[in-house]
Amino acid sequence: MGMKRVPLEKERAEWTKYLYPEHANDLSMFYSVVWRIHLGELRVGESDAWSTTILLQRRAYRHLCTKYTKAWEETCRYGDQNDVHPLQDTSKTLWEKHTGMEELHAVIDLDLQRLSVTLNEGDQQCVARILRVWSFTHVHLGYFQGMHELAALLWRIRASESVPVPMDNVLHVLLSPGDVEPDTYFLFSALIRRLAPLYDRTQRAGSPTLIKAILHRADPSLNSHLQSLQLEWTPILLRWHRLLYMQEFSEATILELWDTLFAIDPTLQLVPYISAAILLSQRDKLVQSEYIDAMQFLMHLPDLHAPRQLVDV
């Protein structure tokens with residue numbers, strides 16, 4: 001796939017040695033910092049400005065929370081539909097907004113109760129607020145089921161990387177334990193901006209056209225067999241791509257896969273190619289499968305053994 005990786009191995013090694021000298025050879029740390037660099041939230045080589053950028057973002061998030069709270073309180077001024085005067089268009093609009101926001105709250109809360117990895121009540125409330133504020137400020141896209149899984153994983157990663165002891169280092173600012181929520185919000189926003197086309201109903205997010213073209217060139221026999229099965233690709237690809245394979249593989253595999261993907265292609269344009277590579281890696285199983293077996297297999301894939309190699313080729 002041949003894209004240039006942003007070189008952050010050196011920085012990662014230095015941070016690990018500084019904070020966790022006993023794990024000096026382990027570069028599988030600082031995902032929340034490295035991913036924000038890869039996704040354009042922080043600039044490579046400008047670490048002196050990172051603290052300022054992060055502090056401004058945290059202030060902006062507090063402002064967004066305040067704005068969202070005021071908007072919610074405004075809609076609550078008319079809590080009973082029977083109180084709305086038929087000639088008061090503004091009141092009716094407030095009622096509609098209130099109902100819409102209530103429904104959004106209910107959907108997000110229900111989704112978070114069904115997380116694949118359970119959060120404690122306090123963390124769940126924070127992730128719910130992240131999703132509510134994000135949906136409030138991105139009405140053109142709004143909330144989709146599955147976003148809660150992405151936000152919850154990013155929350156757990158950022159929370160696990162918090163530096164508990166203050167120190168005179170930019171890492172303490174970046175990984176302050178009291179700022180997990182705003183940092184997760186901006187990391188989530190950066191990721192969703194790139195995934196937005198896959199959530200857009202007006203675009204063919206679940207279309208297998210490109211994947212079929214890749215398979216046609218790479219393995220005509222496999223492609224012909226899958227074509228003959230007339231598989232329902234849309235639910236498979238929407239789940240794979242909207243969640244970046246979160247439901248398909250173990251968390252350790254996902255961290256390694258995302259880490260490589262964000263480094264090589266922060267635009268995420270390689271995602272269909274990764275899906276094609278996954279299909280090619282499971283060729284032996286797929287060419288022997290009929291419709292039902294193939295659908296079940298593709299919705300319950302075995303874990304990947306070398307996720308970095310899947311992207312970094």
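Start with the whole chain in view: among contacts between residues at least 6 apart in sequence, 72% join residues at least 24 apart, where contact means heavy atoms within 4.5 Å. What you have open is a predicted model, in which local features need pLDDT of at least 70 and side-chain atom pairs count only at pLDDT 80 or more, while totals for chains, interfaces and linings use all residues. Residues are numbered from 1 along each chain as its sequence is written, and side-chain values use heavy atoms, with hydrogens and water left out.

**Stop 1: the whole chain**

Switch to cartoon view. How many helices and strands does the protein chain have? The secondary structure comes to 16 helices and zero strands. Helices (H or I, at least four residues) and strands (E, at least two) are DSSP runs, numbered from the N terminus.

Now colour by burial. Of the 313 residues in the protein chain, 49% are buried. Buried means under 20% relative accessible area, exposed means over 50%, and partly exposed is in between (1.4 Å probe, protein chains only).

**Stop 2: helix α1 and helix α2**

Select Glu9, which is found in helix α1 (residues 9–19). Glu9 has a relative accessible area of 39%, so it counts as partly exposed. Draw a distance from its C-alpha atom to that of Val34: you should get 9.6 Å, for two residues 25 apart along the chain.

Val34 takes you to helix α2 (residues 31–38), where eight of eight residues are buried. Select them: Tyr31, Ser32, Val33, Val34, Trp35, Arg36, Ile37 and His38. What do these buried residues pack against? Their partners are α1, α3, α6 (147–160), α7 (170–174), α8 and α12 (251–264). Just after α2, look for Gly40, which takes a positive phi of about 90°.

**Stop 3: the core**

Here is some background first. In soluble globular proteins, nonpolar side chains tend to be buried together.

In this model, the largest nonpolar core has 96 residues. A nonpolar core is a set of buried Ala, Val, Leu, Ile, Met, Phe, Trp, Tyr and Cys residues joined through side-chain atoms within 4.5 Å. Show Trp35, Met147, Leu150, Phe188, Leu191, Trp258 and Leu298 as sticks, since they are the ones with the most contacts inside this core. Helix α8 gives the most to the core, with eleven residues.

Zoom in on Trp258. Leaving aside residues up to four places away in sequence, Trp258 touches Trp35, Leu150, Leu153, Leu154, Leu191, Leu243, Leu244 and Met246.

**Stop 4: the rings**

Stay with Trp258 a moment longer: ring pairs link Tyr31, Trp35, Trp258 and Phe262 into a cluster. The structure holds eleven aromatic pairs. Rings of Phe, Tyr and Trp (its six-membered ring) pair if their centres lie within 6.5 Å; planes under 30 degrees apart count as stacked, over 60 as edge-to-face and the rest as tilted.

Next, select Tyr68 and Phe136. Their ring centres are 5.4 Å apart and their planes are at 75°, so this pair is edge-to-face. Tyr68 lies in helix α3 (residues 50–75) and Phe136 in helix α5 (residues 121–137), so the pair ties together parts 68 residues apart in sequence. Tyr68 is buried at 9% relative accessible area, whereas Phe136 is partly exposed at 25%.

Then try Tyr185 and Phe186, an edge-to-face pair with 5.2 Å centre to centre and 85° between the planes. Are these two buried or exposed? Tyr185 is buried at 3%, and Phe186 is buried at 15%.

**Stop 5: helix α8 and helix α11**

Show helix α8 (residues 180–199) and helix α11 (residues 233–242): their axes come within 10 Å and cross at roughly 170°. That makes α8 roughly antiparallel to α11. Axes are lines fitted to C-alpha atoms, for helices over the stretch in contact, with angles running from 0 to 180 degrees between N-to-C directions; under 35 degrees counts as roughly parallel, over 145 as roughly antiparallel, 65 to 115 as roughly perpendicular and the rest as oblique.

Which residues make the contact? Pick Leu195, Leu198 and Tyr199 on α8, then Leu238, His241 and Arg242 on α11.

**Stop 6: helix α13**

Finish with helix α13 (residues 271–281), where eight of eleven residues are buried. Among them are Val271, Pro272 and Ile274.
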